[in-house]
Amino acid sequence: MVRVERIETILLDVPTIRPHVLAMATMRHQTLCIVRLHCSDGSVGIGEATTIAGLAYGEESPEGIKLAIDTYLAPLILGTDADRPGAAMQRLARAVVGNRFAKCAIETALFDALGRRTGLPVSELLGGRVRDRLPVLWTLASGDTAQDITEAEDMLARRRHDCFKLKIGKRSIAEDVAHVGAIKRALGTKASVRVDVNMAWNEVEARRGIAMLADVGCDLVEQPIAGSNVAGMARLRAAAAIPIMADEGLTGPASAHVHSSHAACDVFAIKIEQSGGLRAAQQVQTIADVSGIGVYGGTMLEAGIGSIASAHAFVTFPKLDWGTELFGPLLLTTEILQQPLDYSDFSLGVPAGPGLGIDLDEDAVSTLRRDRPARLFVDQAVGA
Ligand SMILES: O=C(O)C[C@H]1C=CC(=O)O1
Ligand SMILES: [Mn+2]
């Protein structure tokens, strides 16, 4: 039997190519918690847990994820059968409440290692892919309308993205709608324009904001109000002229079931980390499918490992009505993978090699890791 022998976690800090302005925080870098899962036959699987802006977006921080894995999750599966990710994940589910991002990184690494041993891509281990490429949107979030238009036009000209998500909710509704309207007018029918409010509005604001956004040609509104306000989401959806998408409110299959039974949204933004893993994301997709809810492949702005793990899950989805937003690696200044990812023709090509079909660039890891010797020395010198 091949056993799980050792689990390593490493924090990497990677600058973004420009500030990424969200309602709750402005990101200037991304912190990744990389997992390396070593098996008794020498095979190694990799996984990634990444969140947005420390604890500003989700309940798990990169540092907390590392601590949870090192202290609680890893000891539970050391010595267990590495060929059975399902059994390992059940052990974790029984002993650890929540910590979905940490669990997702471990499940990713288990599937990657299993894929490398068997020669099969993770998508095939998850039931089999139904497509090889995924449409990928880009988020315009520089904080400046003119810069966003230039960025969008450049993306269109390079055939990298023809669908844009605008981050709003930080400014007044009138300013936000003027910003969205200006971008939509500049791009016209060449591009789809959608918005993500990241829960910044209350229900009254959302009712007004959604109607105004529909009037300026916005195609979809993501999480306008608190994720916990499912009844409010249902009232907004019933009144809206454009589709409403749930994101923060979706924390796995149980919450997906609640949203579906309350008719709380038209579309699910499905994320592997928020769902609690690759198979949990597939379960969320099944609930969408049987409820007639549209499907969109979401991101926590993961780097290459998390984005490609998401891609392996999303290529198994029978329907992907609204495409994906797996652009995380493109927002970062440094590639952490050996293989360049194939972003072309407005889409991402999903690797077909064993496991995730990607490898870490060890030089990039050494340069970016938070605990690298040079950084420790500088911090100590400053503290001294
Ligand atoms: O959707 C979110 O809320 C988070 C993330 C996804 C794309 C992006 O720019 O931010
Ligand atoms: Mn969102």
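**Sheets, domains and ligand surroundings in the predicted model**

In strand S10, Phe-268 is the bridge partner of Ala-246. This pair belongs to a predicted model, in which strand S9 (residues 244–246) and strand S10 (residues 267–270) run parallel and are joined by 2 bridges. Both strands form part of an open sheet of 7 strands, which has the order S5-S6-S7-S8-S9-S10-S11 and parallel pairing. At the edges of this sheet stand strand S5 (138–140) and strand S11 (294–297), each of which pairs on one side only.

A further open sheet consists of 3 strands in the order S4-S13-S12, and here the pairing is antiparallel. Its edge positions are taken by strand S4 (133–135) and strand S12 (342–344), each pairing on one side only, and the twist from one strand to the next averages 25°. Between S12 and strand S13 (residues 347–349) the antiparallel pairing extends over 3 bridges; within this pairing, Gly-349 of S13 is the bridge partner of Asp-342.

The domain assignment divides the protein chain into domain 1, covering residues 4–121, and domain 2, covering residues 125–349. The C-alpha centres of domain 1 and domain 2 are 23 Å apart, and the contact between them involves 34 residues from domain 1 and 32 residues from domain 2. On the side of domain 1 that touches domain 2, at least two residues are supplied by each of strand S1 (4–21), strand S2 (26–39), strand S3 (44–50) and helix H3 (100–118). In composition, the residues of this side comprise 21 nonpolar, 8 polar and 5 charged.

Two of the elements that contribute to this side of domain 1, S1 and S2, are also paired with one another, running antiparallel and being joined by 13 bridges. The connection from S1 to S2 is a hairpin of 4 residues, and among the bridged residues is Leu-12, whose partner in S2 is Leu-32. In a regular strand, side chains alternate between the two faces of the sheet.

For residues 146–243, the UniProt record, an unreviewed entry, gives the feature "domain: Mandelate racemase/muconate lactonizing enzyme C-terminal". Over this stretch the chain is 51% helix and 12% strand, with 27 Å between the C-alpha atoms at its ends.

The surroundings of ligand 1 draw on residues from separate parts of the sequence, namely Ile-52, Thr-139, Ala-141, Asp-196, Asn-198, Asp-247, Gly-298, Thr-299, Leu-301 and Glu-325. By class, the residues of this shell divide into 3 nonpolar, 4 polar and 3 charged. Among the residues around ligand 1, Thr-139 falls within edge strand S5 (138–140) of the parallel sheet, whereas Asp-196 and Asn-198 fall within the stretch 146–243 to which the UniProt record assigns its domain feature. Ile-52 has a number within the bounds of domain 1 (4–121), while Glu-325 has one within the bounds of domain 2 (125–349).

Note on methods
Residues numbered from 1 in each chain as written. Chains lettered and ligands numbered in written order. Predicted model: local features only at pLDDT ≥ 70, side-chain atom pairs only at ≥ 80, totals over all residues. Pairing = 2+ DSSP bridges. Axes fitted to C-alpha atoms, helices over the stretch in contact; angles between N-to-C directions. UniProt positions renumbered as here; feature names shortened; annotations may be inferred. Near = placed C-beta within 6 Å. Nonpolar A, V, L, I, M, F, W, Y, C, P; charged D, E, K, R; others polar. Domains from an automatic or database assignment. Contact = placed C-beta atoms within 7 Å.
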